[in-house]
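The report that follows describes selected local features of one protein model, going from helix packing to strands, charged pairs and backbone angles.

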Amino acid sequence: MKINVIGLGYIGLPTALSMAANGLNVIGTDLKQDILDTIKKGKMTFQEKGMDELLSKARESGNLSLSDRCVEADVYIISVPTPYIKISKKIDSKYVEKAVRDVLSICPDGSVIAIESTVSPGTIDDVVRPVLEENENESGKKIHIAHVPERIIPGNMLYELRNNSRTIGVDDPSVGEMLKEVYGSFCMGQMIVTDIKTAEMTKVIENTYRDINIAFANELAKICRRDNMDVYEVIRVANMHPRVNILSPGPGVGGHCISVDPWFLVGDYPDIVNIIRHARLVNDEQPRYVLERISEIMQENSIQKIEEVGLYGMTYKENVDDTRESPTLQLLDYMKQYAAKGIKVYDPYITYNMVPDQYQNFDSFLNDVKMIVVMVAHDHIINNCASLKGKVVFDTRNCLHDIETYKL
Ligand SMILES: NC(=O)c1ccc[n+]([C@@H]2O[C@H](COP(=O)([O-])OP(=O)(O)OC[C@H]3O[C@@H](n4cnc5c(N)ncnc54)[C@H](O)[C@@H]3O)[C@@H](O)[C@H]2O)c1
């Protein structure tokens, strides 16, 4: 069976490599030539545990080829971006639509298009089906559509690709059986076949559920701060209840999933959503709250200038190099609005300069600041905790336990 994976980013690339390493004939397609060139040289385009080895295995298998356009195949897997439109909050489905049109221009009759990109419920009916129908009327080709959303977590992608259950949304059970076989080539998790709209909705609400839970924890952090309670101890004790599972507060929510997908529901159901909208607003407000805490802690320690403060971590979560929508970038944006500048920034995973006053050397960064704000719980800072002695440390992630720190 021939598989064409379209979009070789954080999701498409591990999927393509896993399939090739497990015996499927895979062609990976991306519009960006630099991505194809890097993979051709045997180099990874982002850092992720186990990916270098998987890339070598996929290349050595002889099952992987690369192309800057879609090619003839039996199954097409689309993993292109799905951002939201900032004003309407609705999904911006233009990348998915273009990828589907690209596929339709070359795919053989009877082939299957499986959309892995996260889409809002109804996107396939409203955006993709009309394109398929138009194509069927013009060419006579009957193409099957499916939605197989991805739920892996950066930092533990390969374990989760192999072990998570998969939702397979289809119109026709025989397509579901075929896709079970394709994904079963590398995935040991349960395959749950359902209808397409249920698959769309479940993916979006899984992330929305987590966003609301984090917003709840962030609100608890503020309540506890006002009346001098330790939010981490409060949550730890509450979570001993057999039916309570509160997530941790933090400096905000970033990444391409949790901080984006709930907006799709806000955009599509504005007259119904309430908790979902407010959870998003609470989490988007959190970097501003961190700034307020920075200012309080500076005053308490007679630190006069923002130039004496350093933000540790620019990624949206620990031990990855993905900075999309990260709380640190959100915080820097707020500062820019007030023309406040000079705060120093360092992240061991970001080896190129993204923002002003960014350091590439940890020791120089430490030397130049009196106060460190830990925005990301990379293993690197936990392992180097001792080097923070003598600094004022504000730990927004509650990850440092061997030194005295300020908390949210
Ligand atoms: N990153 C995650 O952790 C994660 C987790 C689960 C689901 N998702 C979802 O998966 C989808 C992809 O996310 P990602 O993080 O991999 O995005 P990404 O930006 O890392 O990768 C997308 C790739 O698609 C390519 N592309 C865009 N249009 C194309 C086209 N027409 N033809 C060929 N290539 C094209 C881009 O060049 C890019 O390399 C999104 O819908 C996202 O919400 C992401």
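Helix α10 (residues 261-268) packs against α11 at an angle of about 135°, and the two axes are 9 Å apart. That angle makes α10 oblique to α11, and the crossing of α10 and α11 is left-handed. The model is a predicted one, and the values in this report are to be read with that in mind.

**Charged pairs**

Side chains of opposite charge can pair when their charged atoms come close. With a cut-off of 4 Å between a side-chain nitrogen of Lys or Arg and a carboxyl oxygen of Asp or Glu, the count comes to 22 salt bridges. Three of these pairs are set out in the table below.

| Pair | Closest N to O distance |
|---|---|
| Asp102 and Lys98 | 2.9 Å |
| Asp211 and Arg280 | 2.8 Å |
| Arg293 and Glu296 | 2.6 Å |

The side chains of Asp211 and Arg280 meet in a salt bridge. Because Asp211 belongs to helix α8 (residues 196-226) and Arg280 to helix α11 (residues 275-300), this pair ties together parts that are 69 residues apart in sequence. Both partners fall below the 20% limit under which a residue is called buried: Asp211 has a relative accessible area of 1%, and Arg280 has a relative accessibility of 0%.

Helix α11 also holds the pair Arg293 and Glu296, which are 3 residues apart, about one turn of the helix. Here the surroundings of the two partners can be stated separately, since Arg293 is buried with a relative accessible area of 4%, whereas Glu296 is partly exposed with a relative accessible area of 38%.

In helix α4 (residues 94-104), Asp102 and Lys98 lie 4 residues apart, again described as about one turn of the helix. Asp102 is partly exposed at a relative accessible area of 25%, and Lys98 likewise counts as partly exposed, at 43% relative accessibility. Beyond these pairs, salt bridges link Glu97, Arg101 and Glu134 in a network.

**Strand β7 and its neighbours**

How many of the 5 residues of strand β7 (residues 166-170) are buried? The count is 5 of the 5, so the strand is largely enclosed by the rest of the structure. In a regular strand the side chains alternate between the two faces of the sheet. In β7, Arg166, Ile168 and Val170 point one way, while Thr167 and Gly169 point the other way, and all of them are buried.

Strands of a sheet pair through backbone hydrogen bonds, either parallel or antiparallel. Strand β6 (residues 144-147) is joined to β7 by 2 bridges, and these strands run antiparallel; in that pairing His147 stands opposite Gly169 in β7. Strand β8 (residues 191-194) is joined to β7 by 4 bridges, and here the strands run parallel, with Thr167 standing opposite Ile192 in β8. The connection between the parallel partners includes helix α7 (residues 173-184), and β7, α7 and β8 together make a right-handed β-α-β unit.

**The open sheet of five strands**

An open sheet is formed by 5 strands in the order β11-β10-β9-β12-β13, with parallel pairing. Its edge strands are β11 (358-359) and β13 (392-395), each of which pairs on one side only. At the β11 edge, strand β10 (residues 344-346) and β11 pair in the parallel sense over 2 bridges, and Tyr346 stands opposite Tyr359 in β11.

**Positive phi angles**

The loop between β10 and β11 contains Asp357, which has a positive phi of about 60° although it is not a glycine. At 37% relative accessibility, Asp357 counts as partly exposed. Another residue that is not a glycine, Lys89, has a positive phi of about 70°; Lys89 lies in the loop between β4 (75-78) and α4. Lys89 is partly exposed as well, with a relative accessible area of 22%.

Notes: Residues are numbered from 1 along each chain as its sequence is written. This is a predicted model: local features need pLDDT of at least 70, side-chain atom pairs count only at pLDDT 80 or more; totals for chains, interfaces and linings use all residues. Side-chain values use heavy atoms; hydrogens and water are left out. Buried means under 20% relative accessible area, exposed over 50%, partly exposed in between (1.4 Å probe, protein chains only). Two strands pair if DSSP finds at least two bridges between them. A crossover is right-handed if, with the strands pointing away from the viewer, the path from the first strand over the helix to the second runs clockwise. Axes are lines fitted to C-alpha atoms, for helices over the stretch in contact, and angles run from 0 to 180 degrees between N-to-C directions. Angles under 35 degrees count as roughly parallel, over 145 as roughly antiparallel, 65 to 115 as roughly perpendicular and the rest as oblique. A crossing is left-handed if the near helix is turned anticlockwise from the far one by less than a right angle, and right-handed if clockwise.
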